[in-house]
Amino acid sequence: MPPTSNDKAPWQQAGSTAADAARSEEPVWTGLLPAVAPAEPAPDREPGTDPERGRDDGSARDDGPRRAPGGSRAVGAADAAGDDEADAEARRRAALRRDALADEPRFPRLQQVLLTVLLPLALLAAAVRAVATPLFLWAEYHRPGFPADVYGFSTDERMVFGSYGLDYVLNWAPAEFLGGLTGPDGGRLFLGSEVAHMTDVKVVLQSALAAVSVLAVLGVVSALYLRAKAPGAASGALFFGSWLTVVLLVLLAVAAVLGWQQFFALFHSLFFAEGSWTFRASDTLIRLYPTQFWMDAAIAVGALTLLGALAVMAATWPTAFRRHRALDRVRRRQELKQRLAGR
């Protein structure tokens with residue numbers, strides 16, 4: 001049987017008819033990969049008609065799947081084009097999902113909790129550091145009503161010796177910084193137990209300030225991250241943290257007013273060993289830092305912490321202007337994401 005046009009080799013099809021050339025396939029780009037456009041289906045023929053000779057040989061022969069010019073199957077090309085288009089669309093949607101997930105904040109609730117809990121600690125640490133200065137020491141020793149030293153220290157001597165104790169807890173000098181000091185009578189100013197307690201105070205104070213400083217840096221990074229990724233989340237966490245600070249200050253103030261001695265003893269027992277922080281009234285630490293000194297220091301720390309909390313509260317109060325500004329930032333971010341996605 002003579003071969004049909006469907007069985008011709010590619011180099012034998014150069015002389016195909018004009019109708020075959022009209023049905024030649026051109027590559028069509030579907031986004032990422034080129035797909036071949038399906039050829040136009042050939043018109044139906046009567047069974048037994050020879051397409052090459054144009055005559056009926058009387059046989060109802062099935063030539064199998066029709067091929068488009070060039071050797072590709074018409075149906076297979078249509079399927080391949082559809083598959084390529086589906087794959088390209090799936091890849092585009094997957095890329096959009098990846099971009100959206102990468103743009104969303106990671107662990108936003110955890111970062112908000114960090115900011116909320118960190119704010120009272122940061123404000124308290126800043127207030128303690130502000131009080132632990134020679135300025136507060138001078139104001140205490142010179143304020144009216146501050147109890148005088150019944151054992152003979154003058155105000156100037158208190159200022160000098162008290163500054164030594166303050167400097168010791170804020171630097172990393174060895175114990176001889178305090179242990180080597182001598183009093184007006186030529187004897188040792190601080191006992192070994194007093195120096196040991198001040199060393200404990202140094203370790204606790206500087207460790208706490210260093211830890212809060214590291215957490216504060218993390219908090220600033222989290223706040224900037226949330227501000228960029230989730231407008232309004234950081235300010236909401238700080239606003240709640242300011243209220244938490246006020247509540248904690250009120251509870252501590254009530255506990256201190258109802259029983260200062262019990263409050264003072266409980267505070268020391270949390271950080272120092274039993275018996276390492278109790279001294280006689282004639283010891284240098286008590287003469288330099290009497291009970292009134294610690295009461296005034298606690299009031300000053302509480303007042304500064306409260307002022308800081310109120311300042312943060314005022315700066316993050318959820319007004320209509322701030323809400324609209326946050327919503328406007330969200331809208332601009334969404335528009336930018338849509339433009340970048342080509343939507």
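This passage walks through the fold, the charged pairs, the aromatic rings and a surface patch of one chain.

The model is a predicted one, so local features need pLDDT of at least 70 and side-chain atom pairs count only at pLDDT 80 or more, while totals for chains, interfaces and linings use all residues. Residues are numbered from 1 along each chain as its sequence is written, and side-chain values use heavy atoms, with hydrogens and water left out.

Start with the overall layout. The chain has 12 helices and two strands; here helices (H or I, at least four residues) and strands (E, at least two) are DSSP runs, numbered from the N terminus. Reading from the N terminus on, the elements go α-β-β-α-α-α-α-α-α-α-α-α-α-α. Of the 343 residues, 29% count as buried; buried stands for under 20% relative accessible area, exposed for over 50% and partly exposed for what lies in between, with a 1.4 Å probe and protein chains only. Take the contacts (heavy atoms within 4.5 Å) with a separation of 6 or more: 72% of them come from residues 24 or more positions apart. The accessible surface of the chain is about 21,800 Å², and 64% of that belongs to carbon and sulfur atoms. Accessible areas come from the Shrake-Rupley method with a 1.4 Å probe, and for residues only the protein chains shown count as cover.

Next come the charges. Side chains of opposite charge can pair when their charged atoms come close. The structure holds four salt bridges, a salt bridge being a side-chain nitrogen of Lys or Arg within 4 Å of a carboxyl oxygen of Asp or Glu. Glu140, Arg143 and Asp296 are linked in a network of such bridges. In this network, Glu140 meets Arg143 at 3.5 Å, N to O, and Asp296 meets Arg143 at 2.8 Å, N to O. The pair of Asp296 and Arg143 links distant parts of the chain: Asp296 is in helix H11 (residues 291-316), and Arg143 is in the loop between helix H4 (134-142) and helix H5 (155-170), 153 residues apart. As for how covered the three residues are, Glu140 is buried at 5% relative accessibility and Asp296 is buried at 13%, whereas Arg143 is partly exposed at 26%.

Another salt bridge joins Arg287 to Asp149, with the closest N and O atoms 3.0 Å apart. Arg287 lies in helix H10 (residues 284-288) and Asp149 in the loop between H4 and H5, so this pair ties together parts that are 138 residues apart in sequence. Arg287 counts as buried at 14% relative accessibility, and Asp149 is buried too, at 11%. Arg287 also has a ring for company: its charged end sits over the ring of Phe153, 3.7 Å from the centre. For a charge to sit over a ring, NZ of Lys or CZ of Arg has to be within 6 Å of the ring centre and within 35 degrees of the ring normal. Lys202 does this as well, lying over the face of Tyr168 at 3.9 Å from the ring centre.

Now for rings meeting rings. The structure holds 12 aromatic pairs. Rings of Phe, Tyr and Trp (its six-membered ring) pair if their centres lie within 6.5 Å; planes under 30 degrees apart count as stacked, over 60 as edge-to-face and the rest as tilted. One of the pairs is Tyr164 with Phe177, whose ring centres are 5.7 Å apart and whose planes stand at 50°, so this pair is tilted. Tyr164 is in helix H5 and Phe177 in helix H6 (residues 176-179), so the pair ties together parts 13 residues apart in sequence. Tyr164 is partly exposed at 33% relative accessibility, and Phe177 is partly exposed at 27%. Elsewhere, ring pairs link Phe136, Tyr289, Phe293 and Trp294 into a cluster.

Last, the surface. Val113, Val117, Leu121, Val214, Leu215 and Leu218 form a nonpolar patch there, with about 490 Å² of accessible area together. Patches are made of residues with over 30% relative accessible area and no salt bridge, where like charges are joined within 9 Å and nonpolar side chains (Val, Leu, Ile, Met, Phe, Trp, Tyr) within 5 Å. Helix H3 (108-131) and helix H7 (192-229) each supply at least two residues of the nonpolar patch. Leu121, found in helix H3, is partly exposed at 40% relative accessibility.
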